[in-house]
Structure formats: structure tokens, C-alpha cells
Protein chains: 2
Amino acid sequence: MRRQVDGRKLRGEKRRGEIIEATLRVIERDGVAGVTHRTVAKEAGVPTTSTTYHFAGLNDLLIATLMECARDMATEVYWMIDRARSRGSRGAEEVANLLAEALGPRRGRTMAEYELYLLAARRPELRTAARRWLDVLTSMVRHDDEVAFRVFLAGIDGLLIQGLIDDEPPTAEELRPVVDYLLKPR
Amino acid sequence: MRRQVDGRKLRGEKRRGEIIEATLRVIERDGVAGVTHRTVAKEAGVPTTSTTYHFAGLNDLLIATLMECARDMATEVYWMIDRARSRGSRGAEEVANLLAEALGPRRGRTMAEYELYLLAARRPELRTAARRWLDVLTSMVRHDDEVAFRVFLAGIDGLLIQGLIDDEPPTAEELRPVVDYLLKPR
DNA sequence: AGACTACCTGAACGATCGTCCCAATAACCG
DNA sequence: CGGTTATTGGGACGATCGTTCAGGTAGTCT
């Protein structure tokens with residue numbers, strides 16, 4: 001039974017985490033295409049070979065980044081649903097605000113998430129991670145609403161993607177009627 | 001007034017078109033990341049320098065490919081709407097079938113379209129081309145249904161993207177209830 | 001203290017990249 | 001027919017890529 005952890009491993013895993021965060025920043029700025037050992041290392045402020053030491057290859061670095069990203073997405077959208085529910089009929093307003101935020105100040109992050117999403121489409125080993133936030137949300141909802149909830153999630157994805165190619169990001173007010181209609185029960 | 005076109009330019013534009021088609025095939029197979037002068041040239045069966053002659057750079061090649069792709073998408077979805085309308089209440093079935101087809105046999109093409117979509121998010125000069133099919137469809141619909149139609153288009157996009165990260169593509173039967181709910185009037 | 005091990009890093013390798021250069025070809029114009 | 005021009009294609013340049021390697025540093029263990 002080891003009571004004292006290896007200080008070296010602690011620093012190593014800390015640096016590993018910093019590299020992942022730097023990778024995410026690079027993807028937000030330049031896209032997945034801009035991710036190389038050297039750009040990530042420069043962003044993280046570490047030597048080039050450090051990224052090859054902590055990750056078997058560039059592929060593993062992207063996988064680890066998607067894992068981290070998926071975890072963030074899941075907890076974030078979890079709290080979004082929670083807040084929207086607690087506000088009752090004002091839920092639509094809350095959703096519209098969050099969409100406008102994702103397409104405005106957090107636009108880079110949203111692009112990064114969908115790029116990793118498409119990366120998962122080509123690499124089966126990434127799919128469970130990419131699906132995680134969908135699964136988390138689906139498990140939160142009543143089973144008799146399953147179809148309505150799937151439509152809701154699909155609508156959110158579609159609004160975000162279409163909002164990404166707008167010349168200027170849509171405001172919460174513009175999004176509001178669409179979200180209202182999307183949430184309106186049949 | 002020139003009545004006789006230059007035969008050289010005709011062959012040149014034909015080859016230019018072949019390069020664009022080859023680029024689209026490369027994107028379907030390996031993604032935008034796999035697009036280089038050399039891979040495209042090999043796919044098209046032309047020497048490497050031919051792609052740099054007909055396009056000012058790799059960037060222009062991707063732009064031209066997105067243009068072509070957007071044109072195809074617009075006409076394709078135009079006929080989808082047309083067919084769905086002519087079938088009246090069976091429209092939902094038609095839409096579900098087309099979604100299943102886009103996620104099954106035409107999965108590579110669907111991935112390529114969304115990759116180019118995200119590319120447009122980063123390059124403003126591509127946005128009008130990427131938005132073309134949205135605009136074409138929006139102009140087809142009655143103005144009092146605008147919100148409902150936007151929700152419909154967003155739902156289609158969301159279902160396609162989510163279907164791309166499924167381990168096995170959803171069937172038309174699985175898609176059917178969701179599409180039904182999506183088309184159900186409020 | 002000495003052996004051990006995990007972490008760190010500068011240098012370098014071969015491969016591939018975008019792009020340029022220039023000669024060759026062939027269709028068009030006068 | 002000679003001159004012009006658009007297209008073709010082989011070769012090469014410098015830059016950058018992923019990855020390897022060998023040596024150096026510093027915590028941990030006996």
C-alpha cells in the first residue's frame with residue numbers, strides 16, 4: 001500500500017492536462033487542421049517532444065481532447081436543462097440565451113465541438129465519447145417524451161450549425177420564436 | 001463577337017471539372033484533411049502541377065468544391081421537397097427514406113457536405129455558397145410558415161449529424177416517428 | 001548513498017507538403 | 001505558315017510535418 005504518490009507522475013499528468021487544454025485552444029482558433037505537435041507545444045509553452053512523450057501519437061492527442069471536450073459538453077448542457085426546467089415556462093428564453101451565447105462569445109468553442117463531432121463520424125473509437133452528452137441528456141427525460149426530446153436535441157444541433165455560417169451570429173431575440181415553436185407540445 | 005470557342009479552353013475547363021469531382025471523392029473518403037495537391041491529382045489521374053495550374057491555391061480548390069457541392073445539395077433537396085409535397089400526407093415517409101439514404105449508402109457524401117459546412121464557418125467567403133441551399137428552400141415556402149420551416153430544416157440537420165456518429169446508420173423505420181413529430185403542425 | 005525510474009528536451013531523420021520554374025505541346029489567330 | 005497563347009507535365013526548392021533517439025534532470029526507493 002503506497003501512501004506517497006510519485007511527485008513526478010503528478011507533474012506529468014498536470015502537463016498532460018495542459019497539453020490537452022492547449023490542443024482545444026488551437027482547435028478553437030485554427031480548427032483540427034491546425035493541430036500539429038509543434039503548434040500545440042507552442043500554445044502550451046512546452047517543447048515539441050513533450051507532446052510525443054505524453055501521447056503515443058497525434059491521433060491519441062485528438063482522442064484525449066475529444067474526451068475532455070465531451071465531458072465538458074455533457075455537464076454544461078446538463079445544467080442548461082436543469083436551469084431551463086427550474087424556470088418553468090421561461091425555459092425557452094433560457095435556451096435561446098444559451099444558443100446565442102454559444103454562437104457569439106463562445107463561437108470558437110462551438111466550432112471546435114462540431115469539428116470533433118465530425119471527427120468521431122470518421123473514427124469509431126471516438127463515437128462513444130461524442131455520444132456521451134446525448135446519452136446523458138436522454139437519460140434525464142421521461143420515457144414517454146422520448147420522440148419529442150430527440151426532436152428537441154436535433155433542433156438544437158441544427159440551429160447551432162446553421163448559426164455558425166451566419167455572417168453575424170443571431171441574437172437571443174431572433175432565436176426565441178424558433179425555440180418557442182421547437183418546445184411547443186403537440 | 002467570337003463565334004468559335006477556343007477548344008483549348010474547353011478541354012481545360014473539362015479537366016478543371018474533373019479535378020473538382022476528384023476533390024469531392026477525396027473528401028468523401030479521407031475528409032478535408034486528406035485533400036492535398038498530390039492526392040487530388042492522383043485521384044483525378046492528372047499530374048500534380050495540373051491542380052496548381054487550374055486553381056490559384058489549395059484554398060481556391062476547396063472553395064470551388066464547396067460551390068459545386070452546394071449546388072448539388074440545393075437541387076437535390078429541392079426535389080426532395082417537391083416529391084414530399086406531391087405525396088401529400090406520405091411526405092414524412094419520403095423524408096425519412098431520404099434521411100436513411102443520406103446516412104447509409106451516401107454516408108460519405110453527407111460527411112463531406114458537413115465538413116465543407118464547417119469550413120464555411122471559418123471562411124466568410126464560403127458562407128454565401130454554403131447558405132445557398134438553405135436560401136433556396138426558404139424561398140420555396142409560404143411566409144406564414146417561416147418559423148415552422150426553420151425548425152424543420154434545423155431538425156433535418158440535427159438528425160443527419162447525430163446519425164453520422166451512430167455505430168450503425170438508423171433505418172427509415174427508426175427515423176419515421178421523429179420525422180412525423182417534426183412535421184406535425186402545432 | 002546508490003540504484004532506479006519517470007520525466008524532460010534539443011537535435012535530427014525521412015516523408016510529405018504547397019508551390020514555383022521551364023520546356024514541350026497543340027490549338028488558335030492573322 | 002509563322003506567331004501567340006492556353007494547357008500540360010516533369011523536376012526541384014524550401015518549409016513543415018510526425019516521430020525517433022540519446023542524453024540530461026530530478027524525484028523515489030532500498
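Helix 6 of chain A and helix 6 of chain B cross in a left-handed manner. This is a predicted model. The two helices, each spanning residues 107-122, pack at an angle of about 160°, and their axes are 11 Å apart. An angle over 145 degrees counts as roughly antiparallel, so helix 6 of chain A is roughly antiparallel to helix 6 of chain B. The points below cover this contact, a second contact between the chains, chain A itself and the DNA.

**Helix 6 of chain A with helix 6 of chain B**

- From chain A, the residues in this contact are A:Arg107, A:Met111, A:Ala112, A:Tyr114, A:Glu115, A:Leu118, A:Ala121 and A:Arg122.
- They meet B:Arg107, B:Met111, B:Ala112, B:Tyr114, B:Glu115, B:Leu118, B:Ala121 and B:Arg122.
- By class, the contact of these two helices has 10 nonpolar residues, no polar ones and 6 charged ones.

**Helix 8 of chain A with helix 6 of chain B**

- Helix 6 of chain B also packs with helix 8 of chain A, which covers residues 146-164.
- Here the angle is about 50°, and the axes are 8 Å apart.
- Helix 8 of chain A and helix 6 of chain B are therefore oblique to each other.
- Helix 8 of chain A brings A:Ile161, A:Gln162 and A:Leu164 to the contact.
- Helix 6 of chain B meets them with B:Tyr114, B:Tyr117, B:Leu118 and B:Ala121.
- This contact has 6 nonpolar residues, 1 polar residue and no charged ones.

**Chain A and its helices**

- Chain A has 9 helices and 0 strands.
- Its pattern along the sequence is α-α-α-α-α-α-α-α-α.
- The C-alpha trace of chain A spans about 55 × 50 × 30 Å along its principal axes.
- Inside chain A, helix 7 (residues 127-138) and helix 8 cross at roughly 140°, and their axes come within 11 Å.
- That crossing of helix 7 and helix 8 in chain A is right-handed.
- A:Trp133, A:Leu134, A:Leu137 and A:Thr138 in helix 7 meet A:Phe149, A:Leu153 and A:Asp157 in helix 8.
- The residues of this contact between helix 7 and helix 8 of chain A divide into 5 nonpolar, 1 polar and 1 charged.

**The surface near DNA strand D**

- DNA strand D is surrounded by 21 residues.
- The closest are A:Gly7, B:Arg8, B:Arg15, B:Tyr53 and B:His54.
- By class, this surface has 5 nonpolar, 8 polar and 8 charged residues.
- Of the strand D atoms within 4 Å of the protein, 54% belong to sugar or phosphate, and the rest belong to bases.

**Polar contacts with DNA strand D**

- The side chain of B:Arg15 has an N or O atom 2.7 Å from a phosphate oxygen of strand D.
- A:His37 has a polar backbone atom 3.1 Å from a phosphate oxygen of strand D.
- A:Arg38 has a polar side-chain atom 2.9 Å from a base nitrogen of strand D.
- In chain A, helix 1 (7-30), helix 2 (37-44) and helix 3 (48-54) each give two or more residues to the surface near strand D.
- In chain B, helix 1 (7-30) and helix 3 (48-54) do so.

Key
Residues numbered from 1 in each chain as written. Chains lettered and ligands numbered in written order. Predicted model: local features only at pLDDT ≥ 70, side-chain atom pairs only at ≥ 80, totals over all residues. Heavy atoms only, no water. Near = heavy atom within 4 Å. Polar contact = N/O pair within 3.5 Å; in protein donor to acceptor, adjacent residues only side chain to side chain. Helix = DSSP H or I, 4+ residues; strand = E, 2+ residues; numbered from the N terminus. Nonpolar A, V, L, I, M, F, W, Y, C, P; charged D, E, K, R; others polar. Axes fitted to C-alpha atoms, helices over the stretch in contact; angles between N-to-C directions. Parallel < 35°, antiparallel > 145°, perpendicular 65-115°, else oblique. Left-handed = near helix turned anticlockwise from the far one by under 90°. Contact = heavy atoms within 4.5 Å.
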